[in-house]
Number of protein chains: 2
Amino acid sequence: MINSQLLNPKSIVVIGASNDLRKAGGKMLHNIITGGYKGNLFVVNIRERNVQGIKCYKSIQELPNVELAILSIPAKYCPQAIEDLAKYKSTKAFIVISAGFSELNEEGNKLEQLMINTANKYHAALAGPNCIGIINQNYHGVFTTPIPVLDCNSGCDFISSSGATAVFLMEAGMQVGLRFASVYSVGNGNQISAEDYLAYLDEKFDKQSSAKSIIMYLENIAKPQKLLKHASSLISKGVRIAAIKAGTTDAGSRAASSHTGAMANSDMATRALFRKAGIVYCSSREELISVASVFSYKKLTGKNIAVITHAGGSAVMLTDALAQGGLNVPKLEGKIADELLEYLHTGSSVSNPIDFLATGTAEQLGIIIDYCEHKFDEIDAMVVVFGSPGLFDVENVYKVLNVKMDICKKPIFPVLPSLVNAAKEIQYFLSKSHVNFPDEVTLGKALCETYYTGTPTDEAQMHTTINTEKIRSVLEMPREKNGYLSVAANNIILDELKIERAKEFLATNKEQALSAAQEIGFPLVMKVVGPVHKSDCGGV
Amino acid sequence: MINSQLLNPKSIVVIGASNDLRKAGGKMLHNIITGGYKGNLFVVNIRERNVQGIKCYKSIQELPNVELAILSIPAKYCPQAIEDLAKYKSTKAFIVISAGFSELNEEGNKLEQLMINTANKYHAALAGPNCIGIINQNYHGVFTTPIPVLDCNSGCDFISSSGATAVFLMEAGMQVGLRFASVYSVGNGNQISAEDYLAYLDEKFDKQSSAKSIIMYLENIAKPQKLLKHASSLISKGVRIAAIKAGTTDAGSRAASSHTGAMANSDMATRALFRKAGIVYCSSREELISVASVFSYKKLTGKNIAVITHAGGSAVMLTDALAQGGLNVPKLEGKIADELLEYLHTGSSVSNPIDFLATGTAEQLGIIIDYCEHKFDEIDAMVVVFGSPGLFDVENVYKVLNVKMDICKKPIFPVLPSLVNAAKEIQYFLSKSHVNFPDEVTLGKALCETYYTGTPTDEAQMHTTINTEKIRSVLEMPREKNGYLSVAANNIILDELKIERAKEFLATNKEQALSAAQEIGFPLVMKVVGPVHKSDCGGV
């Protein structure tokens, strides 16, 4: 039950706020203050008079009414605090960052149930417990660092089952310039699950202000239908979604179960669900970051990539990765290619990869990009790989790249590999709201994955009613000797599930075969039915 | 033709040295000087009197004798310079960093051939052209930065077809603490190829002083037999080798051809060669860095991994990656597990992953590692994932980890994901000659790859002489109607190639079948030979 009090509270109280920034209740308050929260901010701590410059209440009873309460107190005190806040202070939203609930033991589970029942009784939202909190445009309600710069234009919404994984992903993502619009830590998520956050993002989607991409780290998909519905809906609105579903192996599933109490989902089922919804499937933080970085750029709408570089080796590896993943690096030749070649140093190659050599200049890069944007119609997108051997700075090159990425209609993906030699220039580049792909092959794989993750299955098709009675009756029919269903029975099931299959007729003589052929049309295949195996009589 | 003058020269001259550090001849000299080269260093530049504090000769004629010459002058002047140096100054080794040779055009190709013929005439080594140079313990002979800290104990030798790729790989590798023992840039490599450097490392291998791992970036394997021989030999001496062979796809191969003039090698053939030699196959700089990082630690000798963490999500993803790659995260239970659990905070799990919670301490990490090292006999290695939510520093944790990695017999692989929150502590950790794996899944995949890349095929087996005549005669025998070879003909070929196959006999009655069974021994399989397909009469 997500409400506006949870995501856009007019007032917040931190229960268990502290002056010690090494404590969760201290860092939480600190983050809210430094995040410039504009509503009324209260703190409760029985042992303090003033916490981080804010007057401290000794008890909940003394507080004025407050919309959102963030609880950083031992688990056993949480249910009563929620009851008091909801009953006497009209509090309608809670974030419980405390641990020691259902993830711990049966006793904790009872506390969690009690707490959730209380929240439900008062129609209040309850995020967590065992979570790091929420970061959005309205407040920075987490007890962890770093807090990324929030950006709804090019940043992604991030929903995570695991708080630490959210932190580690933000840390790694920020290194390459990935931006975030909001972060939702689910924790045990018994009242508000990852699917619920997704549903909320879908229902409140606004073409102007909402983020255009969503990434998720999931250990459990408790409500697959809900995930499917809202992911499909968001994607059909132009949002792009990628997710990790961890715990795919038996061992990993045991690990997930001890971590957040997640139930196992089969990896096959997850992949099928993601494919149906149009979600890009990822297996690691790094993959998810790469895909999210691809999302932050213009959408790839065709297969033909121009690889533009001054460094041959990177171009070779990238070209291999793209070709292996099903994208093309089409050969460029003819009049336009020859024309372009004239602008480049002797020895350059424009046959794609477009290699303008170690001596290539910023002006030449600009010209190459102009040719790919305006003259090579077959090119759908560009990857520019440009590092530095350490002889001179490459700021002018990155300035050209920066402008071209802004104005070109075709997507341009930057690989800036010189993390040492061009550290300063890469920082400049990232400051322009760009994301960098330090490894060309990682980018290549992410591009292929995003390109080949299709659009969601048509909603009408999803809601086809299936005659389960009829299917059940077929399954209950007597089987063949070997225990298999007959071909005829299989066909009934396929037809009921609206799974298309080739037309077929049984013909026992030439005339029947000819008449069936006319009905089916060509091309067709004749197969042998009988005791002899098809291959023994030259059949197929 | 690699000689001591190339790798350990008593004197070096830089032809085309410059005071401008933005020029290759300037940066090259600068690197040699700042690298503390101990031999005699000379420079030649017709327009200078003093270059970077060194007296400058106007021509080669004025020089004293010199062992190694590094040429940073236009391609067209190189052949004559080599002739003069070899003939009058007894120069026995050359590094040509200039470009404009066979990679450029036919004219350049002729220059290159002329230059190589000259070098060969004087029995001189010629590295390059079109390369960045050589870095080893004796001198820093490259015109690029960064120069890694060289370390023969835990660093790797690095052979690269591409200079820029070598730079980018060093830059990315240094971020995670990867160390290098030497770097050889091959360039066009017509006299000294990547295989030649490998052969040299093999022939001069010294158990005390040689690096124990080698990484390679290859665009061309011109001498596969040589690669196989020396890679196998090195690996049998305890060295570990990983390599990228780029240009595996048609498009990538075209890219490689325009880059270094490499010929296509089939990816299947490369993989087979690597498998036979025991080389770990990699597809990206990032993979190669991860595998080289694994090489820098103790060797994994068994499949059972303990995953130790305070961050559940990372443990789940890592466990998935290990299980998918064929390694085990075995469940830990029983008396010892219960005993360990008592030392940890309530709510911790020791069932593997060993999750000691966000509140886990450095002391607890030490105890867990002690248990895995000394008490859980089934555990072969440990991965420790430990980051920071930003509440307090984790220096004491990394100190414990540092000591344990030093003293434990079982390998310990560290995943320190908090690139922002624990940036300072990670730097401390890397300063202790450790490598970090920022992404747990990337480590998991590299561990599986290295574990499952077997030892080289037995040398005796490699040198089995094959009766190609006999195989040819079988291939030329009349085929069956369908164009296939008969089973009997296949068997002759398999036997000639010493490929083991199951024993088989044809039996046409019960007695023959029984007698054949006695000869073969059990278990055995009976298959039907004849016109009826095996499945039609209940056969297998």
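Start by selecting residues 395-407 of chain A, helix α14, in this predicted model. At 1.5 Å a residue, these 13 residues should span 18 Å, and the end C-alpha atoms are 19 Å apart, which agrees. Now colour the buried positions of α14(A): Val397(A), Tyr398(A), Leu401(A), Asn402(A), Lys404(A) and Met405(A). As you step through them, keep in mind that an α-helix has 3.6 residues a turn, so residues three or four places apart point the same way. To see what lies over these buried residues, add the surrounding elements of chain A, which include α13 (362-375), β17 (381-385), β18 (412-415) and α15 (423-431).

**A pair of helices around α13**

Keep α13(A) on screen and select its partner α12, residues 335-342 of chain A. The two helices pack at an angle of about 165°, and their axes are 10 Å apart. Angles over 145 degrees count as roughly antiparallel, and α12(A) and α13(A) are therefore roughly antiparallel to each other. The crossing of α12(A) past α13(A) is right-handed. For the contact, show the side chains of Ile336(A), Glu339(A) and Leu340(A) on α12(A). Facing them from α13(A) are Ile367(A), Ile368(A), Tyr371(A) and Lys375(A).

Before leaving this area, click on Leu357(A), in the loop between β16 (354-355) and α13 of chain A. Leu357(A) is not a glycine, yet its phi is positive, at about 70°. Its relative accessible area is 23%, so Leu357(A) is partly exposed.

**A second helix pair**

Next, select α11 (residues 312-324) and α16 (residues 440-452) of chain A. How do these two run relative to each other, roughly parallel or roughly antiparallel? Their axes come within 8 Å and cross at roughly 25°, and α11(A) and α16(A) are therefore roughly parallel. This crossing, too, is right-handed. On the α11(A) side, the contact is made by Ser314(A), Met317(A), Leu318(A), Ala321(A) and Leu322(A). On the α16(A) side, look for Glu440(A), Val441(A), Gly444(A), Leu447(A) and Cys448(A).

**An enclosed helix**

Move on to α6, residues 194-203 of chain A. Nine of its 10 residues are buried, so α6(A) is largely enclosed by the rest of the structure. The buried ones are Ala194(A), Glu195(A), Asp196(A), Tyr197(A), Leu198(A), Ala199(A), Tyr200(A), Leu201(A) and Asp202(A).

**Towards the N terminus**

Select Val14(A), which sits in strand β1 (residues 11-15) of chain A. With 0% relative accessibility, Val14(A) counts as buried. Which residues does Val14(A) touch, not counting those up to four places away in sequence? They are Gly25(A), Met28(A), Leu29(A), Ile32(A), Phe42(A), Val43(A), Val44(A) and Ile70(A). You can also draw a distance from Val14(A) to Glu67(A): their C-alpha atoms are separated by 11 Å, although the two are 53 residues apart along the chain.

From there, go to Gln52(A), in the loop between β3 (50-51) and β4 (54-57) of chain A. Gln52(A) is another residue other than glycine with a positive phi, here near 50°. At 22% relative accessibility, Gln52(A) counts as partly exposed.

**A cis peptide bond in each chain**

Now zoom in on the segment after α20 (510-520) of chain A, where Pro523(A) lies. A cis peptide bond joins Phe522(A) to Pro523(A), with omega about -5°. Then make the matching selection in chain B, where Pro523(B) follows α20 (510-520). Phe522(B) and Pro523(B) are likewise joined by a cis peptide bond, with omega about -5°.

**Zooming out**

Show the whole of chain A as a cartoon: it has 20 helices and 18 strands. Its C-alpha trace spans about 95 × 75 × 40 Å along the principal axes. Of the 540 residues in chain A, 56% are buried. Among contacts in chain A with a separation of 6 or more, 71% are between residues 24 or more positions apart.

Finally, display both chains. A turn of 180° with a shift of 0.0 Å along the axis lays chain A on chain B with an RMSD of 0.5 Å. The two copies are thus related as by a two-fold rotation axis. Colour the interface as a last step: 100% of the interface residues of chain A are also interface residues in chain B, so the copies meet through the same surface.

How values were computed:
Residues are numbered from 1 along each chain as its sequence is written. Chains are lettered from A and ligands numbered from 1 in the order in which they are written. This is a predicted model: local features need pLDDT of at least 70, side-chain atom pairs count only at pLDDT 80 or more; totals for chains, interfaces and linings use all residues. Side-chain values use heavy atoms; hydrogens and water are left out. Buried means under 20% relative accessible area, exposed over 50%, partly exposed in between (1.4 Å probe, protein chains only). Helices (H or I, at least four residues) and strands (E, at least two) are DSSP runs, numbered from the N terminus. Copies are superposed by least squares on the C-alpha atoms of residues with pLDDT of at least 70 in both. Contact means heavy atoms within 4.5 Å. The expected span of a helix is 1.5 Å times one less than its number of residues. Axes are lines fitted to C-alpha atoms, for helices over the stretch in contact, and angles run from 0 to 180 degrees between N-to-C directions. Angles under 35 degrees count as roughly parallel, over 145 as roughly antiparallel, 65 to 115 as roughly perpendicular and the rest as oblique. A crossing is left-handed if the near helix is turned anticlockwise from the far one by less than a right angle, and right-handed if clockwise.
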